[in-house]
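Hi,

Here is the structure I promised to pass along. Have a look, and my notes follow underneath.

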Amino acid sequence: WTVRLGGSSTCLVRRNDFQANPDAGILVRQEAQPSIEANTLQGFKMDAIAFKNQSRGLVRGNLFEGNMGCVITTHHTSSPVVEHNHFKNNRKQPPVIEFESATGKVKAKIIQTRE
(Lines give C-alpha, C1' and ligand atoms only; values in the text may rest on other atoms or scores of the structure.)
Protein backbone atom coordinates (compact mmCIF):
# COMPACT_ATOMS: atom_id res chain seq x y z
CA TRP A 1 0.00 0.00 0.00
CA THR A 2 1.20 3.49 -0.82
CA VAL A 3 -0.80 5.10 2.03
CA ARG A 4 -2.21 3.29 5.09
CA LEU A 5 -4.77 4.97 7.33
CA GLY A 6 -6.02 3.24 10.45
CA GLY A 7 -7.12 3.46 14.04
CA SER A 8 -9.73 6.15 14.57
CA SER A 9 -7.84 8.74 12.56
CA THR A 10 -9.40 11.54 10.58
CA CYS A 11 -7.32 13.31 7.96
CA LEU A 12 -7.37 15.02 4.60
CA VAL A 13 -5.55 13.45 1.65
CA ARG A 14 -5.73 16.14 -1.04
CA ARG A 15 -4.03 17.07 -4.31
CA ASN A 16 -1.54 14.22 -4.47
CA ASP A 17 -0.34 12.33 -7.51
CA PHE A 18 -0.11 8.60 -6.74
CA GLN A 19 1.44 6.72 -9.68
CA ALA A 20 2.68 3.38 -10.93
CA ASN A 21 2.76 1.40 -7.72
CA PRO A 22 2.92 -2.36 -8.48
CA ASP A 23 0.54 -3.06 -5.60
CA ALA A 24 -2.34 -0.94 -4.37
CA GLY A 25 -2.94 2.70 -3.51
CA ILE A 26 -4.72 3.87 -0.36
CA LEU A 27 -5.81 1.48 2.41
CA VAL A 28 -8.37 2.78 4.90
CA ARG A 29 -8.99 0.39 7.79
CA GLN A 30 -10.25 0.00 11.33
CA GLU A 31 -12.34 3.10 12.19
CA ALA A 32 -10.47 5.68 10.10
CA GLN A 33 -12.54 8.42 8.44
CA PRO A 34 -10.39 10.29 5.90
CA SER A 35 -11.42 12.73 3.22
CA ILE A 36 -9.68 11.68 0.00
CA GLU A 37 -10.13 14.56 -2.43
CA ALA A 38 -8.74 15.90 -5.71
CA ASN A 39 -6.02 13.26 -6.08
CA THR A 40 -4.80 11.39 -9.15
CA LEU A 41 -4.52 7.62 -8.69
CA GLN A 42 -2.88 6.12 -11.75
CA GLY A 43 -1.35 2.79 -12.76
CA PHE A 44 -2.19 0.59 -9.77
CA LYS A 45 -2.24 -3.15 -10.41
CA MET A 46 -4.58 -3.80 -7.47
CA ASP A 47 -7.17 -1.58 -5.74
CA ALA A 48 -6.59 2.15 -6.08
CA ILE A 49 -8.50 2.67 -2.80
CA ALA A 50 -9.69 -0.02 -0.39
CA PHE A 51 -11.90 0.49 2.67
CA LYS A 52 -11.85 -2.27 5.32
CA ASN A 53 -13.30 -3.01 8.75
CA GLN A 54 -15.60 -0.25 10.04
CA SER A 55 -13.89 2.56 8.16
CA ARG A 56 -15.82 5.42 6.63
CA GLY A 57 -14.83 8.57 4.87
CA LEU A 58 -15.26 10.58 1.71
CA VAL A 59 -13.83 9.91 -1.76
CA ARG A 60 -14.55 12.98 -3.88
CA GLY A 61 -13.21 14.66 -7.00
CA ASN A 62 -10.40 12.21 -7.69
CA LEU A 63 -9.11 11.06 -11.08
CA PHE A 64 -8.69 7.29 -11.46
CA GLU A 65 -6.73 6.59 -14.63
CA GLY A 66 -5.07 3.53 -16.13
CA ASN A 67 -5.61 1.24 -13.12
CA MET A 68 -5.57 -2.53 -13.68
CA GLY A 69 -7.65 -3.55 -10.64
CA CYS A 70 -10.84 -2.16 -9.20
CA VAL A 71 -10.69 1.52 -8.53
CA ILE A 72 -12.51 1.34 -5.16
CA THR A 73 -13.34 -1.67 -3.00
CA THR A 74 -15.20 -1.87 0.30
CA HIS A 75 -14.88 -4.78 2.72
CA HIS A 76 -16.55 -5.82 5.96
CA THR A 77 -18.86 -3.07 7.24
CA SER A 78 -17.02 -0.09 5.77
CA SER A 79 -19.24 2.64 4.33
CA PRO A 80 -17.48 5.43 2.45
CA VAL A 81 -19.28 8.19 0.55
CA VAL A 82 -18.11 8.17 -3.08
CA GLU A 83 -19.04 11.14 -5.28
CA HIS A 84 -17.95 13.31 -8.21
CA ASN A 85 -14.93 11.20 -9.21
CA HIS A 86 -13.57 10.81 -12.75
CA PHE A 87 -12.66 7.46 -14.32
CA LYS A 88 -10.45 7.22 -17.41
CA ASN A 89 -8.98 4.19 -19.21
CA ASN A 90 -9.18 1.80 -16.27
CA ARG A 91 -9.06 -1.90 -17.09
CA LYS A 92 -12.49 -2.64 -15.65
CA GLN A 93 -14.82 -0.62 -17.87
CA PRO A 94 -17.32 0.70 -17.16
CA PRO A 95 -15.87 1.85 -13.84
CA VAL A 96 -16.60 -0.64 -11.07
CA ILE A 97 -16.80 -0.37 -7.31
CA GLU A 98 -16.67 -3.72 -5.47
CA PHE A 99 -18.38 -4.36 -2.14
CA GLU A 100 -17.35 -7.41 -0.15
CA SER A 101 -19.42 -8.83 2.69
CA ALA A 102 -19.70 -12.05 4.66
CA THR A 103 -22.11 -13.43 2.05
CA GLY A 104 -20.01 -12.64 -1.01
CA LYS A 105 -18.87 -9.92 -3.36
CA VAL A 106 -21.10 -7.40 -5.13
CA LYS A 107 -19.88 -5.36 -8.08
CA ALA A 108 -21.56 -2.05 -8.84
CA LYS A 109 -21.07 -0.59 -12.29
CA ILE A 110 -21.13 3.18 -12.61
CA ILE A 111 -23.49 3.74 -15.51
CA GLN A 112 -24.07 7.45 -15.36
CA THR A 113 -22.22 10.44 -14.05
CA ARG A 114 -23.36 13.96 -13.38
CA GLU A 115 -21.20 16.92 -14.24
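**What I found**

Start with G57, whose bridge partner in β11 is P80. Keep in mind that this is a predicted model. That pair belongs with strand β8, residues 56–60, which runs parallel to β11 and is joined to it by 5 bridges.

Zooming out, β8 and β11 sit in an open sheet of 4 strands, ordered β2-β5-β8-β11, with parallel pairing. At the edges are β2 (12–14) and β11 (79–83), each of which pairs on one side only. From one strand to the next, the twist averages 10 degrees.

Now the nonpolar side of things. The largest nonpolar core has 17 residues, and the members touching the most others are I26, L41, I49 and F64. Strands β1 (3–5), β4 (26–28) and β7 each supply at least two residues of that core. If you want to click on one residue there, try L41: leaving out neighbours within four places in sequence, its contacts include F18, A48, N62 and E65, as well as I26, I49 and F64.

Then there's K45, which lies in the loop between β6 (40–42) and β7 (49–51). Is K45 buried or exposed? Its relative accessible area is 53%, and the cut-off for exposed is over 50%, so K45 counts as exposed. K45 still has company: beyond residues up to four places away in sequence, it touches N21, P22, D23, M68 and G69. With M68, the C-alpha atoms are separated by 4.7 Å, although the two residues are 23 apart along the chain.

Cheers

Technical notes:
Residues numbered from 1 in each chain as written. Predicted model: local features only at pLDDT ≥ 70, side-chain atom pairs only at ≥ 80, totals over all residues. Heavy atoms only, no water. Buried < 20%, exposed > 50% of the residue type's maximum accessible area, 1.4 Å probe, protein only. Contact = heavy atoms within 4.5 Å. Pairing = 2+ DSSP bridges. Axes fitted to C-alpha atoms, helices over the stretch in contact; angles between N-to-C directions. Core = buried A, V, L, I, M, F, W, Y, C linked by side-chain atoms within 4.5 Å.
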